[in-house]
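Here is a short report on one pocket and one sheet. Keep the structure open while reading.

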Amino acid sequence: MDVRGDLEWGTIPGLVRWAGERYGGREAVVDGRARISYAELADRVERSAAACLATGIRAGDRVAVWAPNSLDWIVAALGAVTAGAVLVPLNTRFKGTEAADVLARSRARLLFVTGTFLGTSYVASLRRAGVPLPHLERVVVLGDTAPDEAEWTTWKAFLAEGDRVPAERVRARADALDPDSPSDVVYTSGTTGRPKGAVISHAQSLRCYAEWAALAGLAEGDRYLVVNPFFHTFGYKAGVLACLMRGAVIVPQSVFTVDTVLANIAAERISVLPGPPTLHQSLLDHPARAAHDLSSLRLVVTGAAVVPLLLVERLRSELGIGTVLTAYGLSEASGLVTMCRRDDPDETVATTSGRAVPGVEVRLSGTGEVLVRGYNVMRGYFEDEEATAAAIDADGWLRTGDVGVLDAAGNLRITDRLKDMFIVGGFNAYPAEIEQLLGLHPDIADVAVIGVPDARLGEVGKAFAVRRPGARITADDLIAWSRREMANYKVPRQVEFVAELPRNASGKVVKGELRQRG
C-alpha cells in the first residue's frame, strides 16, 4: 500500500503517545467542566487500554462505541485501539435493532455505550432489540449506573479493572501493531441499503488526516469545536486525530443546536468550525448572533451538500472568517478524496469540492461516476468479498456511486448520487445541480429535490424548500423563478415548503424520507 513512510507516528497509539510527549501540558480536550492536557489524555488512554487488556481483548478484536461526542468517547475509542482492537463506531441515530445488527455482524466483543441521550435509554434500547449477540462479552456504560448483570459494568469500574495491568504490557501491545493493521471498521450510513463496514488501516487514517490538517492549515493552539459526530469518519479523524497531530484543542459537542454552538464559540474562543452547510447557514441567520462574540473563528471546512456561493461570501464578509474550504470524501475512501486549497477563489470553493489530495487519483467513468484510486481506498468491506469486488475493480479504482464533473484544473463538482438521478422526458436531471441553482434564490434557506412520477414526462422534480426567516415566497413564485434561471427539464413542477429537511447525523439529507412523503 502506498502510504507515506515519513509519518513518525506509525500507528494511532503511536500518535497518542507522541502528542502526549510533544504537547504535554497544553490543553487537549474541553468537555463541559472537564479540561485535560495532552499528557493527561495520553495517560487516560493508556488506562483505558489497560482495562481492555484486563477484559481479555486481543489484537484484532472489534470493540464498538455507541455514544455521542464526549471526552469519554475519545478515551474509550483510543484506549481500545491502543489495546490493538479494531474500532467500530455506531451511529447514535441507530435504534436498538440497528445497533445490534452491526454488533452481530462485526462480532464485537466489547461495547461502550452511553446511558441516556436525547431522552432515549440506549441500554434499554439494546436490551429490547432481541438480536442474539453471542460474541458480545462485556458492555461498559459510560455513566455511573449499569444493569446488575455479569456482563454489564460502569465506566469507573471498568477502568479500575485495568489497574492490575502493568504499563509495560500496554506499551508492548501498542508497539506490536503494524501500520497496515486495521484501525477501524466504519459502517456506511445505510441510506442505500444495509450498512456495510469499510475497513481502514492505521496508516491510511494517519496519512489522510495529516494531509487534511496541512491543507486546512490547522495549527497548534487552534480551538476546534467538533460538532460532526465522532461515529462518522470526519468527526473522529478530521476532529480527534487531526487535533492530536497539530496540538489543537478538541471541544466536543454532543448534539447540534445553534444556541449551543454560538455559546461555545464565544466562551471557548473557537477558531475552527467544520460542519455541513446548514450549520453555518443557521449561525448566520440566528437572530441572537450579534449577542455573541464570534471573532475568534478563522477556519471553516464544509461539504456533504450543496454549498451556495452566497454562504461562502457571507462567512467571509459577515463573520470575517479567513479560510473557508470545501471537501469531498466517503467512508470507503477514508473520508477524504478532494479538498479545496486555501488560495482558491470563493467561486471554486462554492461550486466544487476541490482537487484530489496528494497521492490520490480521481477520474470519471463513461457514465460520469466518480472513481477514486490511492492509498486512501479501503482494504474492503468487512467479511464481504462480493460487495468489495463490486466496489473496487482489479486496477484498484473505487466506484463511489457519485456522479460528477471535473474542470480543467481538476476540481471536482459532485452533481448527484447515481441512484438520485431522474429522467425528465429523456433528459438526465441531477438533483444536486438543481438544488445548487435553487439555493441562489434569496428567500430559500435550504432545499432538496427528488424525482416524482409524471404521466407525460415519466418523472419530474419536486422541491422541498425551507424559507429564510421572514420570507413569504410561494410555490408558484419559486417555480416561475426557476423557469427563468434553468433549463425547462430541471424546473421543479412541485414545491413543498417545510420547516426543516430531514438529515442524518453527518449532515446529508435523508431523501428516502422525502420520497415517502412524495
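The text below takes the pocket and then the sheet.

**The pocket**

The model is predicted. Its second largest pocket has a volume of about 1100 Å³. The lining of this pocket counts 43 residues. Nearest the centre lie Arg93, Phe256, Glu500, Arg503 and Asn504.

Four elements each give two or more residues to the lining of the second largest pocket: helices α5 and α11, and strands β25 and β26. Of these, α11 gives the most, with five residues. The table lists where each element runs.

| Element | Residues |
|---|---|
| α5 | 122–128 |
| α11 | 277–285 |
| β25 | 444–454 |
| β26 | 458–467 |

What is the class make-up of the lining of the second largest pocket? It has 22 nonpolar, 14 polar and seven charged residues.

**The sheet**

Strands of a sheet pair through backbone hydrogen bonds, either parallel or antiparallel. Here, an open sheet of four strands pairs in the antiparallel sense. The strand order is β18-β19-β21-β22. Which strands form the edges? They are β18, residues 360–364, and β22, residues 412–417. Each of these edge strands pairs on one side only. Neighbouring strands of this sheet are turned by 50° against each other on average, with direction ignored.

One pairing can be followed to the residue. Strand β18 meets β19, residues 369–374, over five bridges. The sense of this pairing is antiparallel. Arg363 stands opposite Leu371, which belongs to β19.

Methods. Residues numbered from 1 in each chain as written. Predicted model: local features only at pLDDT ≥ 70, side-chain atom pairs only at ≥ 80, totals over all residues. Heavy atoms only, no water. 1 Å grid on protein atoms, 1.4 Å probe; cavity = no way out; pocket = protein on both sides within 12 Å on 5 of 7 lines; lining within 4 Å. Points joined across faces, edges and corners; volume = space filled by probe spheres on them. Nonpolar A, V, L, I, M, F, W, Y, C, P; charged D, E, K, R; others polar. Pairing = 2+ DSSP bridges. Axes fitted to C-alpha atoms, helices over the stretch in contact; angles between N-to-C directions.
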